[in-house]
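Have the sequence and the 3D view open side by side for this one. We'll go from the overall layout down to a handful of residues.

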Amino acid sequence: MASVVVIANLNSRKNRKDKRRISQLQKIVQSDGTVFPTRSIDDLFTQAIPFIQQHKPDVVASDSGDGGLVPLI
């Protein structure tokens with residue numbers, strides 16, 4: 001099974017409106033993945049990126065809303 005990391009922007013409208021969304025995302029990835037709820041770029045650099053560099057997941061997904069920038073890797 002693929003390992004998955006989901007980076008969730010807590011400032012996006014859909015995440016602000018639905019407080020259960022993060023737990024729903026974690027249920028989707030189950031034990032095969034991790035969801036990182038982030039509020040700032042600092043959260044991304046101090047939490048998610050070090051985890052990704054260490055564990056090298058098969059999939060990195062962004063739940064960032066319209067303002068998200070998703071580079072193709």
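How many helices and strands does the secondary structure of the chain come to? There are 3 helices and 3 strands, with helices taken as DSSP runs of H or I of at least four residues and strands as E runs of at least two, numbered from the N terminus. Read from the N terminus, the order is β-α-α-β-α-β.

A quick word on ground rules: this is a predicted model, where local features need pLDDT of at least 70 and side-chain atom pairs count only at pLDDT 80 or more, while totals for chains, interfaces and linings use all residues. Residues are numbered from 1 along each chain as its sequence is written, and side-chain values use heavy atoms, with hydrogens and water left out.

**The chain as a whole**

The chain has 73 residues, and 26% of them are buried. Here buried means under 20% relative accessible area, exposed means over 50%, and partly exposed is in between (1.4 Å probe, protein chains only). The accessible surface of the chain is about 5400 Å², and carbon and sulfur atoms account for 55% of that; the areas come from the Shrake-Rupley method with a 1.4 Å probe, and for residues only the protein chains shown count as cover. As for contacts (heavy atoms within 4.5 Å), take those in the chain between residues at least 6 apart in sequence: 67% of them join residues at least 24 apart.

**Salt bridges around D63**

A search of the whole structure turns up 3 salt bridges, each being a side-chain nitrogen of Lys or Arg within 4 Å of a carboxyl oxygen of Asp or Glu. Here they are:

| Pair | Closest N to O distance |
|---|---|
| K14 and D63 | 3.2 Å |
| D18 and R20 | 3.8 Å |
| R21 and D63 | 2.9 Å |

Which residues are linked in a network of salt bridges? That would be K14, R21 and D63. K14 sits in helix α1 and D63 in strand β3 (residues 59–63), so their bridge ties together parts that are 49 residues apart in sequence. R21 bridges to D63 too; R21 belongs to helix α2 while D63 is in strand β3, so this pair ties together parts 42 residues apart.

Is D63 buried or exposed? D63 counts as buried, because its relative accessibility is 6%. Its partners are partly exposed: K14 has a relative accessible area of 36%, and R21 comes in at 22%. In the D18 and R20 pair, D18 is partly exposed at 25%, whereas R20 is exposed at 55%.

**S12, across from D63**

S12 is in the loop between β1 (4–9) and α1. The C-alpha atoms of S12 and D63 are 8.5 Å apart, although the two residues are separated by 51 residues along the chain. S12 is buried, at 6% relative accessibility. Leaving aside neighbours within four places in sequence, S12 is in contact with S64 and G65.

**A positive patch**

R13, R16, K17, K19 and R39 form a positive surface patch. Patches take residues with over 30% relative accessible area and no salt bridge, joining like charges within 9 Å and nonpolar side chains (Val, Leu, Ile, Met, Phe, Trp, Tyr) within 5 Å. Lys and Arg count as positive and Asp and Glu as negative, with His and the chain ends not counted; a charge is placed at NZ of Lys, CZ of Arg, CG of Asp or CD of Glu. One of the patch members, K19, is in the loop between α1 (13–17) and α2 (21–29), and K19 is exposed, at 69% relative accessibility.

**Two strand residues**

Back to strand β3, where V60 is found. V60 is partly exposed, with a relative accessible area of 42%. The C-alpha atoms of V60 and V4 lie 5.9 Å apart, with their places 56 residues apart along the chain. Beyond neighbours within four places in sequence, V60 is in contact with V5, I7 and I52.

Over in strand β2 (residues 33–38) we have T38, which is buried at 7% relative accessibility. What is T38 in contact with, leaving aside its neighbours within four places in sequence? The list is I7, A8, N9, L10, N11, D43 and L44.
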